[in-house]
Amino acid sequence: FFGQPWVFVRGVPAMKFLPPEGPPEIAFAGRSNVGKSSLINALLAQKGLARTSNTPGRTQELNFFVPDGYGGETAELPPIAVVDMPGYGYAKAPKDHVDAWTKLVFSYLRGRASLKRVFLLIDARHGIKKNDEEVMGLLDKAAVSYQIVLTKTDKIKATGVPKLIEATALGIKRHPAAFPRILSTSSEKGVGLDELKAEIAALA
Ligand code: GTP
Ligand code: MG
């Protein structure tokens, strides 16, 4: 399903608007501005599919993307859905909005049977922060499998990447639901996308 067109199917502003449980869902989570939407676009090779912005707080709903050609007359379910999520942490938006979408993100991560893997994106320049730890704790508790993806590696020295991976691996050791393999990516330079695709393909 990579290499074929994907489409946006639904923006979910609250839990009650979620589609029925069904095909495996793969969610991209992380702090605001970490590069979630950009990575989805790079992965699916469709610029502008997920909206991106320089301003933290761009994505404000759970946005569902599926390979094109499902639904309609046959009502055939897609083999997989990719979910772009609002970020957590600082965002340039009214506080009540941020509170509402943060609650939505946490509820979805905790309580969705179709959710097969969370890619937890970490900015290569900043590493794991306190609110990332909080989300990791929540996923551990809910026994939802998650995998760390370092983003924006084009912004750090190439020689720093192995060290960063090592340090991050150490940081996730005591997290039972964390997948041990850490991915390193740059949406800008197209780095690490094949590895990420392979991980996703194995889940569909
Ligand atoms: P929210 O939806 O606001 O939570 O943000 P997001 O995590 O979806 O981030 P988004 O993809 O909108 O990207 C945020 C900013 O980072 C944009 O200005 C992107 O161009 C930039 N960015 C994303 N990925 C990369 C990357 O791999 N390298 C560089 N240099 N910049 C990137
Ligand atoms: Mg976004």
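What follows is a walk through a predicted model, from its ligand shell to its core, then along one helix and the loops around it.

Start at ligand 1. It is surrounded by 24 residues. The closest are Gly35, Ser38, Thr52, Thr59 and Gly87. By type, the shell divides into three nonpolar residues, 15 polar and six charged. Helix H1, residues 36-44, gives the most to this shell, with three residues.

Stay with H1 for a moment. Nine of its nine residues are buried. Lys36, Ser37 and Ser38 are among them. So are Leu39, Ile40, Asn41, Ala42, Leu43 and Leu44. Ala45 follows H1, and its phi is positive, near 55°.

Ile40 leads from H1 into the interior. The largest nonpolar core has 46 residues, and Ile40 is one of those that touch the most other members. The others in that group are Phe28, Ala29, Val83, Val118, Leu120 and Leu121. Strand E5 supplies the largest share of this core, six residues. What does Ile40 contact, leaving aside neighbours within four places in sequence? Its partners are Phe28, Leu49, Ala50, Phe65, Val82 and Asp84.

Now move to helix H3, residues 130-142. It has 13 residues. From first C-alpha to last it reaches 19 Å, close to the 18 Å expected at 1.5 Å a residue. Its buried residues are Asp132, Val135, Met136 and Leu139. They cover an arc of only 100° around the axis, which puts them on the same side of H3. The spacing fits a general rule. An α-helix has 3.6 residues a turn, so residues three or four places apart point the same way. On the other side of H3, Lys130, Gly137 and Lys141 are exposed.

What do the buried residues of H3 pack against? There are strands on the list: E2 (25-30), E5 (115-123), E6 (146-151) and E7 (178-184). Helix H2 (95-110) is on it too. E5 thus appears twice in this account, as a partner of H3 and as a contributor to the largest nonpolar core.

Next, the loops on either side of H3. Ile128 lies in the loop between E5 and H3. Is Ile128 buried, exposed or partly exposed? It has 17 C-beta neighbours inside 10 Å, so it counts as partly exposed; a buried residue needs 20 or more, and an exposed one has 12 or fewer. Not counting residues up to four places away in sequence, Ile128 touches Ile122, Glu133, Thr168 and Gly171. Ile80 is 48 residues from Ile128 in sequence, and the two C-alpha atoms are 28 Å apart in space.

Just after H3 comes Ala143. It sits in the loop between H3 and E6. Its phi is near 55°, a positive value in a residue other than glycine. Ala143 counts as exposed because it has 8 C-beta neighbours inside 10 Å.

The last stop is Lys152, in the loop between E6 and helix H4 (160-172). Lys152 also has a positive phi of about 55°, although it is not a glycine. Is Lys152 buried or exposed? With 22 C-beta neighbours inside 10 Å, Lys152 counts as buried. Set the two loop residues side by side: Ala143 is exposed, whereas Lys152 is buried.

Key. Residues numbered from 1 in each chain as written. Chains lettered and ligands numbered in written order. Predicted model: local features only at pLDDT ≥ 70, side-chain atom pairs only at ≥ 80, totals over all residues. Helix = DSSP H or I, 4+ residues; strand = E, 2+ residues; numbered from the N terminus. Expected span 1.5 Å × (residues − 1). Arc of directions from axis to C-beta. Contact = placed C-beta atoms within 7 Å. Near = placed C-beta within 6 Å. Nonpolar A, V, L, I, M, F, W, Y, C, P; charged D, E, K, R; others polar. Core = buried A, V, L, I, M, F, W, Y, C linked by C-beta atoms within 7 Å.
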